[in-house]
Each structure stands twice: as structure tokens, then as C-alpha cells.
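Here is a brief report on aromatic contacts and cysteines. Have the sequence and the model open as you read.

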Amino acid sequence: AGNRAGGGPLLTNYALTLLVVLFLQSRSPPVLPSVRRLRHLAGPQDRAQVGGWDCSFPRDAAELEPSGNTQSAASLLAEFFSYFETLDLGGLLLSPLEGRALPRPPPETLGGLRPGPLTLQDPFELSHNVAANVTPRTVSRFVRCCRDAARLCRGPEFLQKSRRGRPWGVMRLLQPGPGGNSGNAEGKFLIPVPLPCPGGAPQREVCAAVGFVLREVLGCGCEPQGTAACHPQGVAGGSRGEFGV
């Protein structure tokens, strides 16, 4: 289901997966059912409790109603970016349990769920915000990237092959944005590569080697990230480095 663990202010794989699930649940008609609907469809043999939480859902996918949604994958991808571009994430509870974004209720009614700049409720362990580690800056970057991607998806080169030999379709979303390698460049998506760098010559050599492979061998745009960034020339502060690729 993805990685629920992970330090730092970035979205985990599990959180990103739930954002995709929530988006697909919120379509009209929905592509995926809500987790509450899955509970309703679960038979006696499907009932399961894990740590006191109801984790029931049908084990036989044939018991689920087929989705009536006929949108193409390209259309859904473009809508994903537009959907999260427009949401007021700070005031919402994103609930895959209900299959939609809800107005965030008062904290005392959340049953121990800790709200944050992005409140994404685990659909089974309801007291867990899977994005509790995310900072306002990360949310702002996520929304900005969705906005830029949505703009690209509205362009003609997303839906049809470019006659000028330019990148088109999904490849348009993977091109580096203007502004060089700045962390604030528009249209740029950063994939974190954490490196344990407690200091000393061996760690500096590791950082330099990783930077060389990413830039020179794989041809990736690569830059140090965070306050304890691990630079190819050495270790700058802290005990942990991270490259943004």
C-alpha cells in the first residue's frame, strides 16, 4: 500500500497513493468506491478487525459494482492536477473513508486525529493523519506543481503529438521548468533521495559519487535539499543529506 514511514516534510508514498485514491473516488461517477462502501459490501467471511479498527472489505473483486466512469487515463490525469490545484487544503479533511474532501470539523471531534496543513485521514486507522509530517511549504509546492501541470495539460501538445518534434503527452509534464535548477522553478518536480551523512571523508565521497552518477551518468537535474544538505563537495551542517532529483 506504500510507505507509511519516512521522515522530513515531504509526502510519503502512502500519502500520495491515498491522494490518487481520493481523487478517483470523487469523480462523477466514481472510478473507485469509498472505503465505507467497501465495508458495506463485505460479507461475513470478509470481516476483519486490526488493532481495534474495522478493516473489512470484499476479498472477491467480482462482488464490486463496475465503475460507470468512461474517462480516459489522460483525462483523469489532467483532472487530478486541476482537482488539487483548486482545493483549500488547509480547511479540509481528505477522507478516503467517505471518498471525498469534507469541511474540517473542530479538532476535539476528530477522535485523536492531528490536523495539519494537509489533513489526509487513513481510511482504516481513523486517528492517523498520514500527512501529519507535511509542512505549509510542502503543501504550497504541491499545489503550485499541480497548477503548473494542469496548465500544461490544457495545452494542445498534451492531447496530441507535436508536429514540431517537441515532447508531448505525459512527457510534457516531465520536462524541467524555466529558471534553471532553482528549487522554486515553475513546473519542476523534485524526487527526494535521502543520504545518511554523519560527517567525515567517507561520507563526503559518497555524496560526491551519488551526485556524479545522478548528473553525469543518468543525466538528472540534481541539487542539494534541506537544511542538512549533502553537497558533492562535502557535508554542510547536520547529520543527514538529501538530493532533489
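The notes below cover the aromatic rings, then the cysteines.

**Aromatic rings**

This is a predicted model. A search of the whole structure finds 6 aromatic pairs. One of them joins Y83 and F84. Their ring centres are 4.9 Å apart, and the planes meet at 80°. That geometry is edge-to-face, because an angle over 60 degrees falls in that class.

The pairing reaches beyond these two residues. Ring pairs link F23, F80, F81, Y83, F84 and F142 into a cluster. Y83 has a charged partner as well: R27 lies over its face, 5.1 Å from the ring centre. Both rings of the Y83 and F84 pair are buried: Y83 has a relative accessible area of 13%, and F84 has 0%.

**Cysteines**

How many disulfides does the structure hold? The count is 0. Take C145: the closest cysteine sulfur belongs to C146, at 7.2 Å. A disulfide needs the two sulfur atoms within 2.5 Å, so the sulfur of C145 is too far away for a bond. Seen from the other side, C146 is in no disulfide, and its nearest cysteine sulfur is that of C145. C145 is buried, and C146 is buried too.

**Burial of the residues discussed**

| Residue | Relative accessible area | Class |
|---|---|---|
| Y83 | 13% | buried |
| F84 | 0% | buried |
| C145 | 10% | buried |
| C146 | 3% | buried |

Definitions and conventions
Residues numbered from 1 in each chain as written. Predicted model: local features only at pLDDT ≥ 70, side-chain atom pairs only at ≥ 80, totals over all residues. Heavy atoms only, no water. Phe/Tyr/Trp six-rings, centres within 6.5 Å; stacked < 30°, edge-to-face > 60°. Buried < 20%, exposed > 50% of the residue type's maximum accessible area, 1.4 Å probe, protein only. Lys NZ or Arg CZ within 6 Å of the ring centre and 35° of its normal.
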